[in-house]
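Biologist: I'm new to reading protein models, so could we go through this one together, one question at a time?

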Amino acid sequence: MSRITETGRRVHRQSGFTLMELLVVLAILGLLMSLVGPRVLSQLGGAKTKTAAIQIKDLEQSLEMYKLDVGRFPSNDEGLVALVARPAGSTGWNGPYLKSDVPLDPWKRDYLYKYPGDHAEVDIFSYGQNGTPGGEGEDTDVGNWK
């Protein structure tokens, strides 16, 4: 802001924040992030597990369509790729059964497929964040039988 004094000179007044005010605001933001951050990150992990469950359900439905057309589920050797590329010797294949390639799980690994399955007619599963069987929380296995 400018104002004119009696002598006709302009005097400039500067406004802004002091260093102390900025440090106080940064400290408050740091405290808020330390309280809120872990909760946000834990929710992110739960979202990945839910995403994997939804993708597995979609793959399972696509496999059912494959079975209706071909008369059987893909073999372990054919795997989930049979949903997007015609396997050799499969009569009745009317795919692709997915809009794009077989998706990766939320942890950027391939979904695992087993026919006949141990838990269901076919098993489609992911080993979770750690990539090994078992575990809790984000490391828990996600499959079409749960």
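**A walk through the model**

Modeller: Sure, let's start with the outside: the chain has an accessible surface of about 10,500 Å², and 59% of that belongs to carbon and sulfur atoms. Keep in mind that this is a predicted model.

Biologist: Okay. What pattern does the chain follow along the sequence?

Modeller: Begin with the pieces: the secondary structure comes to one helix and five strands. Put in the order of the sequence, they give the pattern β-β-α-β-β-β.

Biologist: What share of the residues in the chain is buried?

Modeller: A residue is called buried when its relative accessible area is under 20%. The chain has 146 residues, and the buried ones make up 26%.

Biologist: And of the contacts between residues at least 6 apart in sequence, what share joins residues at least 24 apart?

Modeller: Here we look at contacts in the chain and leave out partners that are fewer than 6 places apart. Of the contacts that remain, the share joining residues at least 24 apart is 37%.

Biologist: Now the strands. Which strands are the edges of the open sheet?

Modeller: Let's build the sheet pair by pair. Strand β3 (residues 112-114) pairs with β4 in the antiparallel sense over three bridges, and β4 pairs with strand β5 (residues 142-143), also antiparallel, over two bridges. That gives an open sheet of three strands in the order β3-β4-β5. An edge strand pairs on one side only, and here those are β3 and β5.

Biologist: Which residue of β5 stands opposite Ser 126?

Modeller: Let's follow both pairings from β4. On the β3 side, Leu 112 stands opposite Phe 125. On the β5 side, the residue opposite Ser 126 is Val 142.

Biologist: In strand β4, which residues point the other way from Asp 123 and Phe 125?

Modeller: Strand β4 covers residues 123-126, and all four of the residues pointing out of it are buried. Asp 123 and Phe 125 go one way. The ones going the other way are Ile 124 and Ser 126.

Biologist: Let's go inside. Which helix gives the most to the largest nonpolar core?

Modeller: That core has 19 residues, and the ones with the most contacts inside it are Leu 63, Leu 80, Leu 83 and Ile 124. Six of the core's residues come from a single helix spanning residues 19-70, the top contributor: helix α1.

Biologist: Which residues does Leu 80 touch, not counting those up to four places away in sequence?

Modeller: Leu 80 is one of the residues with the most contacts inside the core. With sequence neighbours set aside, its partners are Leu 59, Leu 63, Val 102, Tyr 111, Tyr 113 and Ile 124.

Biologist: Is Ser 62 buried or exposed?

Modeller: Ser 62 sits in helix α1. Leaving aside neighbours within four places, Ser 62 is in contact with Leu 83, Tyr 97 and Leu 98. Its relative accessible area is 9%, so Ser 62 counts as buried.

Biologist: Which residues form an aromatic cluster?

Modeller: There are five aromatic pairs in the count. One cluster is made of Tyr 66, Trp 93 and Tyr 97.

Biologist: On to charges. How far apart in sequence are Lys 57 and Glu 60, and what does that mean in helical turns?

Modeller: Their side chains meet in a salt bridge at 3.7 Å, N to O. Lys 57 is partly exposed at 46% relative accessible area, whereas Glu 60 is buried at 19%. Both lie in helix α1, three residues apart, so the separation is about one helical turn.

Biologist: How many salt bridges are there in the count?

Modeller: Besides Lys 57 with Glu 60, Glu 78 forms one with Arg 72, with the closest N and O atoms 3.0 Å apart. Lys 114 and Asp 118 meet in another, at 2.7 Å. Those are among the salt bridges counted, and the count comes to four.

Biologist: Last one: is Asp 118 buried or exposed?

Modeller: Its partner Lys 114 is partly exposed, at 30% relative accessible area. For Asp 118 the value is 55%, and the cut-off is over 50%, so Asp 118 is exposed.

Technical notes:
Residues numbered from 1 in each chain as written. Predicted model: local features only at pLDDT ≥ 70, side-chain atom pairs only at ≥ 80, totals over all residues. Heavy atoms only, no water. Phe/Tyr/Trp six-rings, centres within 6.5 Å; stacked < 30°, edge-to-face > 60°. Core = buried A, V, L, I, M, F, W, Y, C linked by side-chain atoms within 4.5 Å. Buried < 20%, exposed > 50% of the residue type's maximum accessible area, 1.4 Å probe, protein only. Contact = heavy atoms within 4.5 Å. Areas by Shrake-Rupley, 256 points an atom, 1.4 Å probe, with all protein chains shown as cover. Pairing = 2+ DSSP bridges.
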